[in-house]
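The following report considers how side chains pair with one another in a protein model. Readers are invited to keep the structure in view while following the text.

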Amino acid sequence: MFNKIRKKGHRKASKSDGAETPIPTNNAAPNPDVTVNHASRTAGAPSQPLSLDCLGHSSGVVEVLPLLKEIPLSERHALFIRKLQICCVSFDFSDTLKNAREKEIKRQTLNELIELVQSGSSKMNEIMQEGLVKMISINVFRCLPPAMHENTGSESGDPDEDEMFMDPSWPHLQLVYELLLRYVVSPDMDTKIAKRYLDHSFVLKLLDLFDSEDAREREYLKTILHRIYGKFMVHRPFIRKAINDVFYRFLFETERHSGICELLEILGSIINGFALPMKEEHKLFLVRALIPLHKAKCVASYHQQLSYCITQFVEKDYRLADIVIRGLLKYWPVTNCGKEVLFLGELEDVLEATQSEEFQRCMVPLFRQVARSINSSHFQVAERALFWWNNEHIVSLIAENRHTILPIIFEALEKNIKCHWNQAINGLTANVRRMFQEMDAELFEECQRQYEEREARAGSLEEQRVLTWKRLEEAAANGC
Amino acid sequence: MAMIDEPLYPIAVLIDELKNEDIQLRLNSIRRLSTIARALGEERTRKELIPFLSENNDDDDEVLLAMAEELGVFVPYVGGVEHANVLLPPLEGLCSVEETCVRDKAVESLCRIGSQMREADLLEFFIPLVKRLAAGEWFTARVSSCGLFHIAYPSASETLRNELRTIYSQLCQDDMPMVRRAAATNLGKFAATVEPAHLKTDIMSMFEDLTQDDQDSVRLLAVEDCAALGKHLEPQDCVAHILPVIVNFSQDKSWRVRYMVANQLYELCEAVGPEATRTDLVPAYVRLLRDNEAEVRIAAAGKVTKFCRILSPELAVQHVLPCVKELSSDSSQHVRSALASVIMGMAPVLGKDATIEQLLPIFLSLLKDEFPDVRLNIISKLDQVNQVIGIDLLSQSLLPAIVELAEDRHWRVRLAIIEYIPLLASQLGVGFFDDKLGALCMQWLKDKVFSIRDAAATNVKRLAEEFGPEWAMQHIIPQVLDMINDPHYLYRMTILHAISLLAPVMGSEVTCSKLLPVIVETAKDRVPNIKFNVAKVLQSLVPIVDQPVVEKTIRPCLVELSEDPDVDVRYFANQGLQAIEQVMMSS
């Protein structure tokens with residue numbers, strides 16, 4: 001899965017590399033079809049120059065400089081720092097004509113730096129690396145604009161119009177991300193030195209950006225963070241913990257985050273690499289973060305990735321199936337049918353990897369839920385549940401435990417055949433019913449008998465309940 | 001199953017119900033926990049029911065939430081305050097569950113119980129509980145503990161207090177940002193209970209830690225602490241410790257932080273005193289009013305009146321007013337709307353001359369705003385300006401604004417303006433109203449949208465109340481009655497509704513002479529819906545008019561309707577007749 005993303009990153013990079021125009025003109029202004037759909041997002045990004053005092057320079061003039069490869073080695077260091085300084089200047093992208101020349105110079109400079117880092121032609125010393133990371137930080141670590149949902153300053157806010165947000169400063173931002181990616185993946189980079197600059201604080205800020213509404217930005221962040229995780233062994237526990245914190249905040253406080261999907265994609269590949277037997281820490285992560293992620297309203301937006309992570313766990317260690325299944329049951333949606341279909345699909349995947357022993361531990365609550373889903377008046381939910389009986393592994397598990405399962409779901413099957421509105425569901429239910437009948441005719445008849453008995457008693461049971469509570473009320477009133 | 005003559009075991013009933021598969025039944029039984037407790041009696045509630053609940057915390061979150069809530073008001077059922085401590089263990093368990101709602105409710109209930117408990121019991125039971133939660137392995141317990149310190153602290157001994165402060169300080173530096181955020185959220189509440197000496201040292205150092213947190217989300221909450229802490233500190237300490245922080249925050253690179261500052265800033269003015277307000281807070285506030293981010297300007301604009309109330313009028317005119325002028329033509333409609341909702345309140349602050357000179361042009365330009373919310377916000381606060389400069393200066397611009405809103409294509413806008421009509425009427429006076437607005441009020445009775453017609457009917461009633469029955473006899477009743485012959489039955493229905501509302505205001509005499517004949521006439525309508533509404537209106541008139549009128553006019557009319565071919569008409573007519581019987585019986 002991840003390689004695909006990487007390739008995409010490369011594609012983007014090569015495109016921008018090729019588009020090198022030497023003379024800055026107004027035509028080379030940033031992408032004109034960038035959608036800017038509210039006022040405050042366009043309202044000027046800070047345009048004052050940010051100085052790089054610590055590097056010994058302070059002027060923020062953006063000017064055309066000679067190419068690094070054209071000057072003698074001895075002067076390259078100073079020129080490199082000077083170029084970083086140019087790239088530290090931020091521009092206002094709400095107005096394409098403003099500073100068009102300077103913008104073009106920065107774009108070309110960034111492209112030159114990317115090429116330099118990629119080619120590995122000149123090894124960067126520590127000062128250069130520090131400056132590079134500092135420049136990248138200044139460019140990408142910004143406060144994200146108000147998100148769609150929290151923005152009241154938007155004009156003509158049509159909620160139906162589901163337009164993707166595109167950061168207007170992307171033309172530069174993209175190059176800076178590309179540069180960071182090249183730096184992180186470059187074979188010359190010594191992680192012992194680089195970890196001083198790409199430190200915990202850097203990683204935290206990178207994670208903050210995952211909330212960006214610009215999908216292109218999240219794509220880069222995902223690739224970069226994953227590479228950092230891969231290269232910097234020392235950061236691994238910290239990154240996992242920081243991702244957990246993002247999940248907890250999303251789950252318990254805000255319920256809003258744009259980057260859950262991307263983070264899960266990274267985790268999917270991390271989980272894939274977990275050694276066996278699995279560490280306690282990883283199991284806790286499953287229980288405390290991954291399973292609760294099923295609770296959120298917007299689970300549909302990242303369910304595929306989440307489901308992949310979850311099944312990875314179960315495939316690695318089948319003994320976790322019981323925990324996972326109970327977890328899913330705990331967060332079972334009450335009214336959201338779309339979510340319920342997703343849950344049924346995920347459970348099927350999990351059951352594929354489940355062994356008999358774990359299955360027996362959770363089958364009672366599991367099939368109580370399945371019975372409810374079979375009876376759902378939303379036909380897609382009922383259909384998804386009944387499709388389980390097309391799965392050989394599941395059917396064999398059910399057959400093995402039919403004495404427990406059939407009594408639980410018998411009533412649901414009868415009800416569907418009697419009064420489900422949907423023809424297809426009637427048919428599917430009849431098939432499942434027949435399957436049980438053929439499996440064990442004796443058991444089937446016994447269930448039928450019990451069901452009829454219960455039906456007959458149902459009314460009196462409810463009466464009994466009302467009566468009991470009435471007597472309790474009386475007892476309470478008398479204070480006995 | 002217990003039969004009727006078998007003995008009753010309340011706990012067994014509860015256990016049985018809580019085992020049920022249907023969550024609704026489980027919820028119902030938790031909701032009736034007090035019944036079970038009363039049936040058990042106080043002692044058995046303490047010894048059997050509460051321990052059972054402590055163990056049964058593995059249910060659905062919804063059931064747990066109900067339990068957390070019920071336990072908060074359970075003190076009377078366990079034998080009063082001296083036994084309140086038995087309620088702590090189940091709530092302690094609920095403080096550590098995963099779901100935030102449940103934890104919050106459990107903390108709320110614990111605070112409620114803790115604030116009633118005797119001092120000795122707090123020492124023996126409550127404080128150890130807080131300490132246990134604060135040392136919890138999983139963050140949920142630690143988060144919950146943060147909300148309990150302000151209850152525990154006042155009754156603790158000197159040594160215990162030291163310990164509690166140390167624990168809180170650890171929570172402020174917890175490994176998990178979740179816990180640090182909870183500590184930041186509750187710092188103000190906790191600080192209110194801490195002695196001044198420790199406030200200046202311990203609490204302030206916790207505050208400083210939080211303001212420098214590397215997570216944005218924690219620093220954000222520290223902004224709120226600024227105002228809360230400021231209230232408890234001496235002015236000079238506030239200037240020394242809080243002021244620099246808030247000034248810094250007001251220039252934070254994160255708009256979320258600046259947004260919080262814009263919301264909170266005015267609360268600090270009092271705490272730091274007039275001098276620091278002038279030199280530091282006013283410039284900070286002015287920066288926020290001119291912020292790049294619309295969200296920040298919205299927050300700042302919404303506080304403009306509150307802020308100016310604290311300042312001297314000169315400062316307000318000199319520094320804030322220029323920004324207000326800019327904001328009145330801000331590019332974001334929401335900024336203008338926020339400004340319009342508070343700006344009228346500035347009139348009393350600035351006084352008559354400044355209002356006429358400075359504010360009036362702004363009012364007028366906002367009254368012409370293209371966005372209806374802005375205009376509505378101005379109109380809704382008209383009374384505040386009226387007191388200062390009178391309405392005459394505004395009335396020229398008001399009328400076109402009102403008329404335009406009255407005809408807006410969005411019915412919600414029309415509805416909003418109708419609701420302000422009685423206010424406008426009282427401010428503008430009878431004369432203005434007769435000339436300009438009377439026709440509008442009648443026009444709304446024939447609006448296409450039901451909600452508008454409904455509001456219009458209520459509106460004529462409120463006008464009659466405002467200007468008195470005599471005025472209404474001239475300016476409302478004839479016009480309204482005129483419309484009863486409208487060809488559209490929905491409009492006739494609206495008029496019927498208006499009549500029923502007007503009757504109590506107009507009194508018995510007018511009702512009998514003017515309204516009743518019209519209603520009786522309408523009883524012959526061809527549409528059944530009209531007829532059964534007539535029956536309803538007649539019923540509502542019974543208490544207003546005299547007995548002979550009821551007998552002579554209302555009853556015969558209802559009797560006739562009670563023989564109508566339509567079943568609904570008969571039903572409501574019979575209801576009316578029954579109501580008459582009841583009145584007769586009781587009189």
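In this predicted model, a salt bridge joins the side chains of Glu262(A) and Arg218(A), with N and O 3.1 Å apart. Glu262(A) belongs to helix 11 (residues 260–272) of chain A and Arg218(A) to helix 9 (residues 215–231) of chain A, so the pair ties together parts that are 44 residues apart in sequence. Both Glu262(A) and Arg218(A) are buried.

Other salt bridges lie within a single helix. Asp245(A) and Lys241(A) are four residues apart in helix 10 (residues 236–254) of chain A, and therefore about one helical turn separates them. Asp245(A) is buried, with a relative accessible area of 8%, whereas Lys241(A) is partly exposed at 27%. In chain B, Glu108(B) and Lys105(B) lie three residues apart in helix 7 (residues 100–114), which is about one turn of the helix. Glu108(B) is partly exposed, its relative accessibility being 41%. Salt bridges with shared partners also join Asp322(A), Arg326(A), Glu357(A), Glu358(A) and Arg361(A) into one network.

Over all chains, the whole structure holds 63 salt bridges. Between chain B and chain A the count is six. The table lists four salt bridges, including one between the chains.

| Acidic residue | Basic residue | N to O distance |
|---|---|---|
| Glu262(A) | Arg218(A) | 3.1 Å |
| Asp245(A) | Lys241(A) | 3.2 Å |
| Glu108(B) | Lys105(B) | 3.6 Å |
| Glu17(B) | Arg465(A) | 3.0 Å |

The contact between the chains can be described further. Chain B contributes 50 residues and chain A contributes 40 residues. About 4200 Å² of area is buried between chain B and chain A, and carbon and sulfur atoms give 51% of this area. A charge also meets a ring across the two chains: the charged end of Arg288(A) sits over the ring of Trp138(B), 3.7 Å from its centre. Within chain A, Lys103(A) lies over the face of Phe93(A), at 4.7 Å from the ring centre.

Rings also pair with one another. The count comes to 30 aromatic pairs over all chains. In one of these, the ring centres of Phe285(A) and Phe313(A) are 6.4 Å apart and the planes meet at 45°, so the pair is tilted. This pair links distant parts of the chain, 28 residues apart: Phe285(A) is in helix 12 (residues 280–290) of chain A and Phe313(A) in helix 13 (residues 303–316) of chain A. Phe285(A) is buried at 8% relative accessible area, and Phe313(A) is buried at 0%.

Phe149(B) and Tyr168(B) form an edge-to-face pair, 5.0 Å from centre to centre and with 80° between the planes. Phe149(B) is in helix 10 (residues 149–152) of chain B and Tyr168(B) in helix 11 (residues 158–172) of chain B, so this pair ties together parts 19 residues apart in sequence. Phe149(B) is buried, with 0% relative accessibility; Tyr168(B) is likewise buried, at 0%. Ring pairs further link Phe359(A), Phe367(A), Trp388(A), Trp389(A) and Phe436(A) into a cluster.

How many disulfides are there over all chains? The count comes to zero. The sulfur of Cys101(B) is too far for a bond, because the closest cysteine sulfur, in Cys95(B), is 14 Å away. Cys101(B) is partly exposed, at 44% relative accessibility. Cys512(B) is in no disulfide either, the nearest cysteine sulfur being that of Cys557(B), 14 Å away. Cys512(B) counts as partly exposed, at 24% relative accessibility.

Definitions and conventions. Residues numbered from 1 in each chain as written. Chains lettered and ligands numbered in written order. Predicted model: local features only at pLDDT ≥ 70, side-chain atom pairs only at ≥ 80, totals over all residues. Heavy atoms only, no water. Phe/Tyr/Trp six-rings, centres within 6.5 Å; stacked < 30°, edge-to-face > 60°. Helix = DSSP H or I, 4+ residues; strand = E, 2+ residues; numbered from the N terminus. Buried < 20%, exposed > 50% of the residue type's maximum accessible area, 1.4 Å probe, protein only. Lys NZ or Arg CZ within 6 Å of the ring centre and 35° of its normal. Disulfide = S-S within 2.5 Å. Contact = heavy atoms within 4.5 Å. Buried area = accessible area lost by both parts, 1.4 Å probe.
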